[in-house]
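Q: I am new to this structure and would like a close look at a single part of it. Could you take one helix, go through it with care, and then follow what it touches into the rest of the fold?

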Amino acid sequence: MHEPDPTTLRQADISPNRAHWHSALQSEVDGILQLERSTPVTSFPPDAMVLPTKLVFKLKKLPDGTIDKFKVRLTSRGDMDRKYYDEHDTFAPTPQLSTFRLLMVLCCLHHLMPYHYDISQAFLQALIPEGERYYIRFPKGYSHPKGYIGAYMRMALYGHRHIWQPLGKDNPPVHGRHIPDPS
C-alpha cells in the first residue's frame, strides 16, 4: 500500500521512514546554512523581521516504483511578509507551456537532446538587497544539532519574493559560488 508523503514534521516522525526523512531534512538545512547564503542564529534581535517556515516532503520514485530519494524542502512563508506582500506576486514561478514548446523547438532545430538536470537548491542563489534581508525561524518540532533556532538570510529561500527576481544590475550573477552536484 502506498504511504502518502508527510505534510508535517510530526507525520514524518511517526512514519516508518523517519530516519530517511530526518536525514533529508538535515541535508536541506545544512545546504541553506552553508557558504554565504545565511548566518545561523540562536536568538533573534527584538526588532527583527522573522518569517516562519514550512516543510514540504516528497518521496521521489523511479519509473519502476522503487524509492529514489527522500526530498525535504524548507520554505519561507513569504505570504507572511506583510511589508512586501502582494497577492498578485508569484512565489513559485513555473514556465508557461509556450516557453517549454519554444525550448523543444530550439532543441530540434539545433539537434540537441533535452534532459532533466536537478541542481540542489538552485533557487537559493538570488541575493537579497541589504535593507530587505530577513530572518527565518525553523519549523516547530525541528531541533538543530548545534542549537540554532533560525537563520539570517542573505539569499532567497523557497517561498520568498526575491526567489524569482531576474538577474540584473541590482541582482548580479554570483560567480565562483559552489553549486552542489545534482543528486
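A: Helix 2 covers 16 residues, and at 1.5 Å a residue these should span 22 Å; because the C-alpha atoms at its two ends are 22 Å apart, the expected and the modelled span agree. The model is a predicted one, and what follows describes that prediction.

Helix 2, made of residues 18-33, lies across strand 1, strand 2, strand 3 and strand 5, and runs at about 50 degrees to strand 3. Its buried residues are Trp21, Ala24, Leu25, Gln26, Glu28, Val29, Gly31, Ile32 and Leu33, and what covers them includes helix 1 as well as strand 1, strand 2, strand 3 and strand 5. One of these residues, isoleucine 32 of helix 2, has a relative accessibility of 1%, and therefore counts as buried, since the limit for that word is under 20%. Isoleucine 32 also shows how the chain folds back on itself, for leucine 74 is 42 residues away from it in sequence, yet the two C-alpha atoms are 8.8 Å apart in space.

Leucine 74 leads on to the interior of the protein. The largest nonpolar core holds 24 residues, and Leu74, Ile136 and Met153 are those with the most contacts inside it. Two or more residues of this core come from each of helix 1 (9-13), helix 2, strand 2, strand 3, strand 4 and strand 5, and helix 2 gives the most, with six residues. As a general matter, nonpolar side chains in soluble globular proteins tend to be buried together.

The strands that helix 2 lies across belong to an open sheet of five strands, arranged in the order 1-5-4-2-3 with mixed pairing. Strand 1 (38-41) and strand 3 (67-76) stand at the edges and have a single partner strand each, so one side of each is left without a neighbour in the sheet. On average, and with direction ignored, neighbouring strands of this sheet are turned by 30 degrees against each other. In general, the strands of a sheet pair through backbone hydrogen bonds, in either a parallel or an antiparallel sense.

Both senses of pairing can be followed at strand 4. Strand 4 (residues 134-137) pairs with strand 5 (residues 150-153) in the antiparallel sense, over four bridges, whereas strand 2 and strand 4 pair in the parallel sense, over three bridges. Arginine 137 can be traced in both directions, as it stands opposite glycine 150 in strand 5, while proline 52 stands opposite arginine 137 of strand 4. Isoleucine 136, already named for its contacts in the core, has alanine 151 as its bridge partner in strand 5. Leaving aside residues up to four places away in sequence, isoleucine 136 touches Phe44, Val50, Leu51, Thr53, Leu74, Ser76, Ile149, Gly150, Ala151, Met153 and Leu157; Leu74 and Met153, which appear among these contacts, are also named with isoleucine 136 for the most contacts inside the core.

A second path from helix 2 leads through Trp21 to strand 2, where leucine 59 has its place. With a relative accessible area of 14%, leucine 59 is buried, because this value is under 20%. Apart from residues up to four places away in sequence, leucine 59 touches Asp5, Trp21, Ile67, Lys69 and Phe70. The C-alpha atoms of leucine 59 and proline 6 are separated by 9.2 Å, although these residues are 53 apart along the chain.

For the setting of helix 2 in the whole chain, the protein has three helices and five strands, which follow one another in the pattern α-α-β-β-β-α-β-β when read along the sequence. Of its 183 residues, 33% count as buried, and among contacts between residues at least 6 apart in sequence, 69% join residues at least 24 apart.

The helix that remains to be described, helix 3 (residues 97-109), can be checked in the way used for helix 2: its 13 residues should span 18 Å at 1.5 Å a residue, and because its end C-alpha atoms are 18 Å apart, the two values agree. Helix 3 is followed by histidine 111, which has its place in the loop between helix 3 and strand 4. The phi of histidine 111 is near 55 degrees, a positive value in a residue other than glycine, and at 75% relative accessibility histidine 111 counts as exposed, because this is over 50%.

Note on methods: Residues are numbered from 1 along each chain as its sequence is written. This is a predicted model: local features need pLDDT of at least 70, side-chain atom pairs count only at pLDDT 80 or more; totals for chains, interfaces and linings use all residues. Side-chain values use heavy atoms; hydrogens and water are left out. Two strands pair if DSSP finds at least two bridges between them. Axes are lines fitted to C-alpha atoms, for helices over the stretch in contact, and angles run from 0 to 180 degrees between N-to-C directions. Contact means heavy atoms within 4.5 Å. The expected span of a helix is 1.5 Å times one less than its number of residues. Buried means under 20% relative accessible area, exposed over 50%, partly exposed in between (1.4 Å probe, protein chains only). A nonpolar core is a set of buried Ala, Val, Leu, Ile, Met, Phe, Trp, Tyr and Cys residues joined through side-chain atoms within 4.5 Å.
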